[in-house]
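Here is a short briefing to keep beside the model as you look around. Shall we start with the overall layout and then go into the details?

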Amino acid sequence: MPPIPALQTNNGTYVGRYWTEHSVLRRYVPSDKELKILSFGCSTGEELLTLQLLFPNAHLYGCDNDWSNLARARAVLKDNAVVFHSNDEEILRHGPFDIIICNSVLLRPTRLVEKIKTAIDPTEWSSVVATLDQALKPGGILQIINSNIPFRLHRAASGYEALRSPLILGPNYTDQFDLNGKHLCSAVPGTGFSAILNRHLGEAEWRLMRPTDLEDVHFRKSGGDTRVVPVENEAIPNMNAAGTVASGSTTYRPEISEDRRPSTHTEIDVHWTAFKNGDVRLHRSARRVWFDGSIASSTKIEIDMTGPVAGVFIESAIGRRSTRISMDLLLGARASQTHLL
Ligand SMILES: C[S@@+](CC[C@H](N)C(=O)[O-])C[C@H]1O[C@@H](n2cnc3c(N)ncnc32)[C@H](O)[C@@H]1O
């Protein structure tokens, strides 16, 4: 069987990439026991390592179409994942999967060809997504981040419901196109390090887009008997019993240039409270400002941070490292992660 054409050729990846999205995905499923998870476009294996942290009891599979990436992934994962060359036959042979992860693969850098901007070939995109759909069990979850074409436009999408959580702000930062290759919006270069920094400029056809095209990452296939647990926040019950010692606010608004070109971005306001034991609770409000200036969506959420991460949040809010906590993190002396319920 011919290999699937090369999509994104950049193999950039790291452990912990898309941590929020992966941890929300973990919380959608009651148990990770016996789950079969495919990382489509696993690159050198770091995404599988992240999945291993969150889904320690799952059976992990990864595929890529680059031999050197596969060799490195196999060396890193050893017996902890099945790593194979990407083609339709192998994907279907190893499936069906409960979860398929497809992060930063369904894209190509945007190019100017005869005055028209193009990126991924829509026919190739449709064919790859159809294979992933075929390899996913009924009731399974597809996680797609950074696709050049919104999943909503695929013919299989009517068989899926989008799963939404206020924790997810929209990590997608690629240019968007429709199935006819119409350029819908451009990602502002330099964004993409964090969901709140992402900004897109409207191209002539931006009205064909929906805000959820930039925000949705989890899609549940209909059928099956899996129970999906909603993920509304990250708050730890009774966290404030320890008593508060300090509080403050921080805010994020991108600078919009004077050219008045329609653009969409997210605005964030955070009020934080620090407790005696060093933990921190955030009240976060987020609003997506749409291309026409309207507010397309707004969410309010509580997020609790425990351990060193909490101290680092305060320090990042004031812009300086200063405490022993952040030095420990800097030197790798302590493992840390935000609390997962
Ligand atoms: C930017 S990396 C993403 C790695 C990882 N998913 C992540 O988000 O950290 C893109 C990867 O997709 C792989 N890729 C490109 N075309 C592919 C295909 N047809 N099948 C599987 N992987 C492919 C590339 O070789 C590269 O390793």
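In this predicted model, the domain assignment splits the protein into domain 1 (19–221) and domain 2 (239–330). The C-alpha centres of domain 1 and domain 2 are 27 Å apart. The points below take you from the contact between the domains to the ligand, the cores, one helix and a few backbone details.

**Where the domains meet**
- On one side 14 residues of domain 1 take part, and they are in contact with 17 residues of domain 2.
- Both β11 (199–202) and α6 (211–215) give at least two residues each to the side of domain 1 that touches domain 2.
- β11 supplies the largest share of that side, with 4 residues.
- Sorted by class, the side of domain 1 that touches domain 2 contains 8 nonpolar, 4 polar and 2 charged residues.

**Around the ligand**
- The ligand is surrounded by 22 residues, and the closest are Thr-13, Gly-41, Ser-43, Ser-86 and Asn-103.
- This shell is made up of 12 polar, 6 nonpolar and 4 charged residues.

**Nonpolar cores**
- The largest nonpolar core counts 63 residues, and Ile-37, Leu-38, Ile-100, Cys-102, Leu-106, Leu-132 and Leu-142 have the most contacts inside it.
- Domain 1 and domain 2 each contribute at least three residues to this core.
- Leaving aside residues up to four places away in sequence, Leu-142 touches Ile-100, Cys-102, Leu-132, Leu-136, Tyr-160, Phe-219 and Lys-221.
- There is also a second, separate core of 7 residues, which includes Trp-272, Ala-274, Ile-303 and Ala-310.

**Helix α1**
- Glu-21, His-22, Val-24 and Leu-25 are buried in helix α1 (residues 19–28).
- These residues sit on the same side of α1 because they cover an arc of only 160° around the axis.
- The elements covering the buried residues of α1 include α2 (46–54), β4 (97–103), β7 (136–145) and β12 (218–221).

**Backbone details to check**
- Gly-95 and Pro-96 are joined by a cis peptide bond, with omega about 0°, and Pro-96 belongs to the loop between α4 (88–94) and β4.
- Glu-34, in the loop between α1 and β1 (36–40), is not a glycine yet has a positive phi near 70°.
- Glu-34 counts as exposed because it has 9 other C-beta atoms within 10 Å, and the limit for exposed is 12 or fewer.
- Asn-146 is another non-glycine residue with a positive phi, about 60°, and it lies in the loop between β7 and β8 (160–163).
- With 19 other C-beta atoms within 10 Å, Asn-146 is partly exposed.

Methods
Residues are numbered from 1 along each chain as its sequence is written. This is a predicted model: local features need pLDDT of at least 70, side-chain atom pairs count only at pLDDT 80 or more; totals for chains, interfaces and linings use all residues. A residue is near a molecule or strand if its C-beta atom, placed from the backbone, lies within 6 Å of it. Ala, Val, Leu, Ile, Met, Phe, Trp, Tyr, Cys and Pro count as nonpolar, Asp, Glu, Lys and Arg as charged, and the others, Gly among them, as polar. A residue is buried if 20 or more other C-beta atoms lie within 10 Å of its own, exposed if 12 or fewer, and partly exposed in between; C-beta atoms are placed from the backbone. The arc is that of the directions from the helix axis to the C-beta atoms. Two residues are in contact if their C-beta atoms, placed from the backbone, lie within 7 Å. Domain bounds come from an automatic or database domain assignment. A nonpolar core is a set of buried Ala, Val, Leu, Ile, Met, Phe, Trp, Tyr and Cys residues joined through C-beta atoms within 7 Å.
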